Amino acid sequence: MFRRRLATLAAALAVAGPLPALAQAQYPSRPISMIVPFAAGGPTDTVARLTAEVMGRDLGQTIVIENVGGAGGTLGAARVALARPDGYTILMHHIGMGTTPALYRRLSYDAVNGFETVGLVTEVPMTITVKNGLAARNLSELVALMRSQKEGLNLANAGIGAASHLCGLLLQTAVQQQVTTVPYRGTGPAMTDLIGGTVDIMCDQTTNTTEQIRAGSIRALAVTTPTRLAALPDLPTAAEAGLPGFEVSVWHGIYTPRGTPAAINDRLSRALQVALRDERLVARFAELGTAPVSQDRATPAAHREFWQADITKWRPIIQAAGQYAD
Ligand code: MLT
């Protein structure tokens with residue numbers, strides 16, 4: 001109860017009254033901070049930096065990326081939820097905004113009503129990967145190894161609430177075998193240990209794995225989309241590889257604190273739509289196995305509708321898996 005009162009007080013102090021109309025009209029008049037709730041060098045950071053660079057040009061102000069990792073992305077989300085709703089502290093996050101409300105029973109912020117939406121950015125496929133040298137050359141052999149080794153294998157993720165956590169949860173549910181999980185502040189640092197062989201398995205986004213797979217630094221066993229990726233044409237889908245129905249894509253969106261004026265969210269959405277049409281960004285996303293969402297989805301209303309439906313979608317799946325953060 002104390003935490004909730006603290007969050008309410010913080011939110012009230014952060015609001016300190018509605019933003020004057022003049023400030024809204026002149027927005028943005030100084031650099032913007034985009035919080036990435038995972039460590040630098042990971043997939044969320046990659047999407048954020050590519051998008052923020054082009055948005056900043058349209059806005060005429062620099063968007064500074066600030067990595068606030070930890071607790072599956074909830075520390076970074078809290079930073080934005082409790083910030084002043086003036087458009088100068090924004091959040092780039094992903095599917096974790098859909099799973100956090102079911103995964104966490106106590107948070108310092110309102111995971112459902114603590115944000116305004118700006119727009120969706122991209123939906124990134126995931127790849128099931130293992131360290132080179134693991135005795136599993138395909139997904140069927142990994143499933144057999146997980147069942148034979150019981151808790152003996154370890155799976156890296158970025159904490160409860162991360163996309164890598166969700167994908168790992170779905171894998172363990174599909175295989176009906178728990179493994180030991182090793183949490184990191186992001187899958188950027190986790191990738192270093194997968195390449196180094198100190199962790200065995202990681203389910204992570206193509207924006208972080210594609211180049212490592214091509215370089216032969218890690219071994220990919222499947223992609224979690226209904227069809228194969230042009231960026232990784234030889235990689236079978238999970239369905240082809242023996243796990244039908246195993247599909248998860250990591251949608252990303254931009255948020256502002258609850259109470260941020262609609263005029264500011266709309267201005268940010270217009271800059272986002274410009275970014276998602278940028279030829280260099282589109283080409284780089286394609287190299288990394290993903291693509292921008294269509295322009296009609298990069299709006300506050302479309303994002304909010306999609307996000308709220310995702311919260312409803314994941315709640316029963318997470319409850320059935322029985323894994324929560326206390
Ligand atoms: C990251 O950016 O580190 C990842 O998105 C973490 C995750 O969600 O797995």
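The legends below accompany an overall view and several close-up views of a predicted model of one protein chain.

In this predicted model, local features are described only where pLDDT is at least 70 and side-chain atom pairs only at pLDDT 80 or more, while totals for chains, interfaces and linings use all residues. Residues are numbered from 1 along each chain as its sequence is written, and side-chain values use heavy atoms, with hydrogens and water left out.

**Figure 1. Overall view of the protein chain, with 12 helices and nine strands.** Helices (H or I, at least four residues) and strands (E, at least two) are DSSP runs, numbered from the N terminus. The radius of gyration of the chain is 20 Å, close to the 20 Å that the globule rule gives for 326 residues, so the chain is as compact as a globular protein of that length; this radius is taken over C-alpha atoms, and the rule is 2.2 Å times the number of residues to the power 0.38. Along the principal axes, the C-alpha atoms fill a box of roughly 65 × 50 × 30 Å. Of the 326 residues, 56% count as buried, where buried means under 20% relative accessible area, exposed over 50%, and partly exposed in between (1.4 Å probe, protein chains only). Among contacts with a separation of 6 or more, 79% are made by residues 24 or more positions apart, a contact being heavy atoms within 4.5 Å.

**Figure 2. The two domains of the chain and the contacts between them.** Domain 1 comprises residues 6-124 + 250-321, whereas domain 2 comprises residues 125-223; these bounds come from an automatic or database domain assignment. The centres of the two domains, taken over C-alpha atoms, are separated by 27 Å. Across the boundary, 30 residues of domain 1 are in contact with 26 residues of domain 2.

**Figure 3. Helix α9 and the elements that cover its buried residues.** Helix α9 spans residues 206-215, and its buried residues are Thr206, Thr207, Asn208, Thr209, Thr210 and Ile213. The cover over these residues includes the helices α3 (43-59), α8 (187-196) and α11 (279-287), together with the strands β4 (115-131), β7 (201-205) and β8 (218-223). Just after α9, glycine 216 takes a positive phi of about 80 degrees.

**Figure 4. Backbone geometry in three loops, seen at proline 28, alanine 71 and glutamine 176.** Most residues other than glycine have a negative phi, and most peptide bonds are trans. In the loop between α2 (21-25) and β1 (32-36) lies proline 28, which is joined to tyrosine 27 by a cis peptide bond with an omega of about -5 degrees. Alanine 71, in the loop between β2 (63-67) and α4 (74-81), has a positive phi near 55 degrees and is partly exposed at a relative accessible area of 39%. Glutamine 176, in the loop between α7 (163-175) and β6 (180-183), likewise has a positive phi, of about 60 degrees, and counts as exposed at 64% relative accessibility.

**Figure 5. Surroundings of threonine 44 in helix α3.** With a relative accessible area of 3%, threonine 44 is buried. Not counting residues up to four places away in sequence, threonine 44 touches Val36, Pro37, Phe38, Met92, His94 and His252.

**Figure 6. Surroundings of alanine 158 in the loop between β5 (154-157) and α7.** Alanine 158 is buried, its relative accessible area being 4%. When neighbours within four places in sequence are left aside, the contacts of alanine 158 are with Phe38, Gly72, Ser164, Tyr184, Gly186 and Thr187. The C-alpha atom of alanine 158 is separated by 8.0 Å from that of glycine 73, although their positions lie 85 residues apart along the chain as a sequence separation.

**Figure 7. Two helix residues, serine 269 in α10 and isoleucine 317 in α12.** Serine 269 belongs to helix α10 (residues 262-276) and is buried, with a relative accessible area of 3%. Apart from neighbours within four places in sequence, serine 269 is in contact with Val118, Ala298, Thr299 and Pro300. Isoleucine 317, in helix α12 (residues 300-321), counts as partly exposed at 34% relative accessibility. Between the C-alpha atoms of isoleucine 317 and glycine 159, which are 158 residues apart along the chain, the separation is 18 Å.
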